[in-house]
Amino acid sequence: MLRIFAQNEIKEAADILKNGGIVAIPTETVYGLAANAFDEKAVKKIFKAKGRPSDNPLIVHISSIEELDNIAYTNEKAYELVKRFWPGPLTIILPKKPIVPYIVTAGLETVAVRFPSHPIAKNLIEAAGVPLAAPSANLSGKPSGTMIKHIINDFGDKIDGAIDGGECVCGVESTVVSLVSKPPVLLRPGFVTPEQLRQILPDLEIAPAVLQQMPENTPVLSPGLKHKHYAPKATAFCVTGETHKAAKYININSFTNKNIAVICFDGEEKLFSAQTVMVYGKASEPEKMARNIFGLLRKTDDLKTDMIFIRTSLSDGIGLAVYNRLLRACNFNVIDADKVDLPFILGLTGQSGAGKSTAAHILENYGFKHIDTDKLSREAVYGVIDDLKKAFGNDIVDENGELNRKILAKRAFSTHENTDQLNSIIHKQIMDMVRSRILDYSANGVKRVVVDGAALIEADGLKICDSSIAICADDKIRLNRIIERDKLTESEALLRFNAQKPRDFYTSNTDFTALNDNILQLETEIRAIMEKLKSTDKIL
Ligand code: TXA
Ligand code: MG
């Protein structure tokens, strides 16, 4: 039975440990799942509860520098290091003394040792009177737990106790350095950075597995490096590169028929169209990102996310620790958005009859491929016909199964509410069709695409566009155009007009405005816009 202890119940938790039980404990890095390091049976329980491969050794946690000597054969460098960084998020690997059972070290002659700075961890080790073997408290392969709810979620009754110490301040596991290798090697980056370590270990090397996927069967210095780690259930991708390029890449791939989550830098969140957008810190604040990352990855599991895009930047210092965890979370799938060659995408929108299609045809002369969302909506409705019948009546489809667009339009445009309802049904479908068309064009080397749609703004379509134009025309001119084009009576045309957003809704949401009271005017305006785009380097 899992007992949750408060911070002042350390003695009770220590009793469980003394009696051979296992207890989840807070540390400054992540929660650990602890057992008496000298009790083989108890340590076995940790491996079982985590589902941890038996060839992956555990860290032995101590509560004073003096204890190090009981456990490992030390040397001067080791003391220099621990005097500087202990208690704290640094684990060192040294030759083990016989007292440490092989189950803890997974058969190795070396042992990983750490003196955590978290007062609960320290007091608990003291109260237990023995060093504690503790891996991170998570099911093997999952993101580490940084809050008590993560522990309860992963283990429930599979462990004997857990001490609630609130949220872990670091959020990623300790830095691991092997002093057994010559020169010393950083096996896992953490809050103690390579730069800090080099002040004492100038010849410190970084294990290749920190940033690279090692081919199977290559010998690794630390068994933990070869195991799957931090993996959320969804397929994850790290996306590096300039913000807007990354957002464009992510948005084009954020199909709404999948449950997609984006984890992004602070300040980028408004750029994404995915269903779930979560912020984990500024790119310049790796401490904050570290604190949040495992919790957010776990959240994507709760949300049953299918795919995750994680904005990532390779950096030094603590940023290296974050990057190292993310590489594993996404199984080394990294996309450099700066190098993805997507077409330039121009969005065209505006009121009915303003002449979006005409503008799109003019743009074809500038090398643009045209995606006409009006045309797509004709197809899209068939994918959602049952939803439409439910919303607007069965008689929108005639005996032959043909959609009666006139009836649908009449009902759908009769009130703002109905229009919104129609939109919520078909916008997503249309945008997904736009996405796949853009990807097809991109695969075929197309460099410029224009997407035209009256509802591009409402459908969140501008987020995939590099730039956008509102096409505008005089109200009377527009009215006559739609009466003629769609064979409507004047009152039908006015009905449609009334269901529309005002002109400034379009002009204030787009980069450019082009007037189209006549074709010559439109051609001139578009030519000017193309010149401006060229001068801003937006069209290469
Ligand atoms: O911050 C932390 O270090 C947390 C808290 C609970 O202290 N613990 C933690 O433990 O992250 P764990 O087991 O999840 O990670 C320990 C890492 C593993 O990658 C393991 O392979 C490596 O340290 N390790 C342990 N003993 C080793 C040894 N003798 N030689 C090389 N690597 C070792
Ligand atoms: Mg772990």
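Q: In this predicted model, how many strands make up the open sheet with mixed pairing, and which strands are its edges?
A: The order of the open sheet runs β1-β8-β2-β3-β7-β4-β6-β5-β9-β10-β11, with mixed pairing. The two ends of that order each pair on one side only. The sheet therefore counts 11 strands, and its edge strands are β1 (3–5) and β11 (205–206).

Q: Which residue of β8 is the bridge partner of A24?
A: Strand β2, residues 23–25, and strand β8, residues 161–163, run parallel and are joined by 2 bridges. A24 has its bridge partner in β8, and that partner is A162.

Q: Which helix packs on this sheet with a direction that makes about 165° with that of β8?
A: Helix α1, residues 10–18, lies across β1, β2, β3 (32–36), β7 (132–133) and β8, but its angle of about 135° is given against β1. Another helix, made of residues 148–155, touches β1, β2, β3 and β8, and its direction makes about 165° with that of β8. The helix asked for is α7.

Q: Which strands of the parallel open sheet are left without a neighbour on one side, and why?
A: This sheet has 5 strands in the order β14-β13-β15-β12-β16, and the pairing is parallel. The strands at the edges each have a single partner strand, so one side of each is left without a neighbour in the sheet. Neighbouring strands here are turned by 20° against each other on average, with direction ignored. The edge strands are β14 (276–281) and β16 (334–336).

Q: Which residue in β16 stands opposite C238?
A: Strand β12, which spans residues 235–240, runs parallel to β16, and 3 bridges join the two. Opposite C238 in β16 stands V334.

Q: What angle does the direction of helix α10 make with that of β14?
A: Helix α9, residues 243–252, packs on the parallel sheet by touching β12, β13 (260–265), β15 (307–311) and β16, with its direction at about 175° to that of β15. Helix α10, residues 286–302, also packs on the sheet, where it touches β13, β14 and β15. The direction of α10 makes with that of β14 an angle of about 155°.

Q: How much of the area that ligand 1 exposes when taken alone does the protein bury?
A: Among the 27 residues around ligand 1, those that come nearest are T29, N56, H61, S174 and S222. An N or O atom in the side chain of T29 is 2.6 Å from an oxygen atom of the ligand, and a polar side-chain atom of H61 also lies 2.6 Å from an oxygen atom of ligand 1. In the side chain of T110, an N or O atom is 3.0 Å from a nitrogen atom of ligand 1. Taken alone the ligand exposes 670 Å², and the share of this that the protein buries is 96%.

Q: Which element gives the most residues to the shell around ligand 1?
A: The shell divides into 14 nonpolar, 9 polar and 4 charged residues. The elements that contribute two or more residues are β4 (59–61), β6 (110–114) and β10 (185–188). The one that gives the most, with 4 residues, is β6.

Q: Where is the proline that is joined to W86 by a cis peptide bond?
A: Most peptide bonds are trans. The bond between W86 and P87 is cis, with omega about -10°, and the bond from K182 to P183 is also cis, with omega near -5°. While P183 is found in the loop between β9 (175–178) and β10, P87 is found in the loop between α4 (76–85) and β5 (90–95).

Q: What is the phi of Y230?
A: Most residues other than glycine have a negative phi. Y230 is found in the loop between β11 and β12. Although Y230 is not a glycine, its phi is positive, at about 55°.

Note on methods. Residues are numbered from 1 along each chain as its sequence is written. Chains are lettered from A and ligands numbered from 1 in the order in which they are written. This is a predicted model: local features need pLDDT of at least 70, side-chain atom pairs count only at pLDDT 80 or more; totals for chains, interfaces and linings use all residues. Side-chain values use heavy atoms; hydrogens and water are left out. Axes are lines fitted to C-alpha atoms, for helices over the stretch in contact, and angles run from 0 to 180 degrees between N-to-C directions. Contact means heavy atoms within 4.5 Å. A residue is near a molecule or strand if one of its heavy atoms lies within 4 Å of it. A polar contact is a pair of N or O atoms within 3.5 Å; within protein, one must be able to donate a hydrogen and the other to accept it, and residues adjacent in sequence count only if both atoms are side-chain atoms. Accessible areas come from the Shrake-Rupley method with a 1.4 Å probe; for residues, only the protein chains shown count as cover. Ala, Val, Leu, Ile, Met, Phe, Trp, Tyr, Cys and Pro count as nonpolar, Asp, Glu, Lys and Arg as charged, and the others, Gly among them, as polar.
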